[in-house]
Amino acid sequence: MIRHLIPTSVAVCLGVAALWQATDGLRAITAEGARRVQVADNPQPVSQVMLETMQGDWRALHGPSPTLVEFIYTTCPTICQASGGDFAELRDHLSQAGLSVPMYSISFDPEVDDLSALQSYGELHTATGAPWTIARPVPADLPQLLKTFQVTVIPDGWGGYEHNIAVLLIDAQGRFAGAFDTRAFDDIRDAVEAAL
Amino acid sequence: MIRLASAAAAFLAACLAQPWVAGDPVVHVLVQFPLLAAAGYLLAIGQRVPPSLTGPLLVVALTTAAIWMLPRSVDAALADTGWHLAKFVTLPLGFGAPLALCWPTIGPILRGFLKAQSVSMLLFLGFLYTHAPVRICNSYLVDDQVRLGLGFVWAALALTAIWMIPVLFGRMPEIAKEERYEFSRHG
């Protein structure tokens, strides 16, 4: 009996440990969930890049204050339009709480999204340029940006893309420190306050 | 000899499917995964192991299966080289082979439980992938996610048919030799 029980118990312990490891302590079963858990635990440095904003000027992605980022493409018919609306609500929510941090909607399709496309997306969603603006990186910086923020973009076969959308927080030390649902306004406000 | 050749053929077929797995989750999860598991199963089938290893082998197989059922593992196998290689090692040697080794000494009640579990788990995954309000895998489109969900349901139906049909025809050869079921007797 014992002879049978010991090897099985050892295997069960190892199995539980493996499952614990594979799910970040039962906290994440999807890649998107894992991204959120892992950056919250271990903020990752973000290399500095310049973004061209819809106003036509160039700004550094992160500076001395925390920064909120989301990735979009302006010709997106669905999720980016919803998240554009959510980002506007988030801006209002933060300003009511007395917080004003830079917010960027960054296009991952900079070849197609020219300045006028960025402007009309901004206009549609009431982005005025401060604190929230629409921006695009130079194409050469894009792969690194997507990799750092673990954004997966795949063609949808209809000329558009599907991608994982979230509000991403860069803290005051220039580290990717949080990823949130686009409507998790209270969580985002708390995280911004903690990162100040 | 035929057994080893079939194992090699299954493994080769799984490797040949690789160019399509990034674009189609059905090929990835419902064609390549089973082929890799089958390769390990065929490699080990018929080999004898001491009865004391039945429990540990079953646990290894179930743990490996559980890890590969996680959507993030499916994503990681596409995005990360380590996970990509681990897929080709752990599905045959961590799932297929241990299952083949422990199956002959598993008792009929546990067998029935495992079969019922695999059908209900496939139906659960089918429901999850067809009804999830979000994309479960970053690497795949929503439409493909739904197709994969329906694929899980078809797989559940296929397994049910395979396991039920012999019962309907009155042939239940597996319950013939009671003395072989070491694991049931010893706990």
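## How chains A and B meet in a predicted model

Author: Between chain B and chain A about 2,000 Å² of area is buried, and carbon and sulfur atoms give 65% of it. This is a predicted model, in which local features need pLDDT of at least 70, side-chain atom pairs count only at pLDDT 80 or more, and totals for chains, interfaces and linings use all residues. Residues are numbered from 1 along each chain as its sequence is written, chains are lettered from A and ligands numbered from 1 in the order in which they are written, and side-chain values use heavy atoms, with hydrogens and water left out.

Reader: What makes an area between chain B and chain A count as buried?

Author: Buried area is the accessible area, taken with a 1.4 Å probe, that two parts lose on being put together, summed over both, and the contact itself (heavy atoms within 4.5 Å) takes 27 residues from chain A and 20 residues from chain B.

Reader: Why is the pair A:Asp24 and B:Arg72 called a salt bridge?

Author: The term requires a side-chain nitrogen of Lys or Arg within 4 Å of a carboxyl oxygen of Asp or Glu; the closest N and O atoms of A:Asp24 and B:Arg72 are 3.0 Å apart, so the pair qualifies. Across the interface of chain B and chain A the rule finds two salt bridges. On the side of chain B that touches chain A, the elements giving two or more residues are helix H4 (54-69) and H5 of chain B, where helices are DSSP runs of H or I with at least four residues and strands are runs of E with at least two, numbered from the N terminus. H4(B) gives the most to that side, with six residues.

Reader: How do you know that H1(A) and H4(B) are roughly parallel?

Author: Their axes, which are lines fitted to C-alpha atoms over the stretch in contact, with angles running from 0 to 180 degrees between N-to-C directions, come within 8 Å and cross at roughly 10°. Angles under 35 degrees count as roughly parallel, over 145 as roughly antiparallel, 65 to 115 as roughly perpendicular and the rest as oblique, and H1(A) and H4(B) are therefore roughly parallel to each other. Among the residues that meet are A:Ala11, A:Val12 and A:Leu19 in H1(A), and B:Val59 and B:Ile67 in H4(B).

Reader: What makes H5(B) and H6(B) roughly perpendicular?

Author: The axes of H5 (residues 71-79) and H6 (residues 81-102) of chain B come within 6 Å and cross at roughly 110°, which makes H5(B) roughly perpendicular to H6(B). Residues of this contact include B:Ser73 in H5(B) and B:Trp83 in H6(B).

Reader: Why are H4(B) and H7(B) called roughly parallel?

Author: The axes of H4(B) and H7 (residues 108-131) of chain B cross at roughly 5° and come within 13 Å, and the two helices are therefore roughly parallel to each other. In this contact B:Leu58, B:Leu62 and B:Met69 in H4(B) meet residues of H7(B), including B:Leu114 and B:Met121.

Reader: What makes the backbone at A:Asp24 and at A:Pro131 worth a remark?

Author: Most residues other than glycine have a negative phi, and most peptide bonds are trans. A:Asp24, in the loop between helix H1 (2-22) and helix H2 (31-41) of chain A, has a positive phi, near 50°. The peptide bond from A:Ala130 to A:Pro131 is cis, with omega near 0°.
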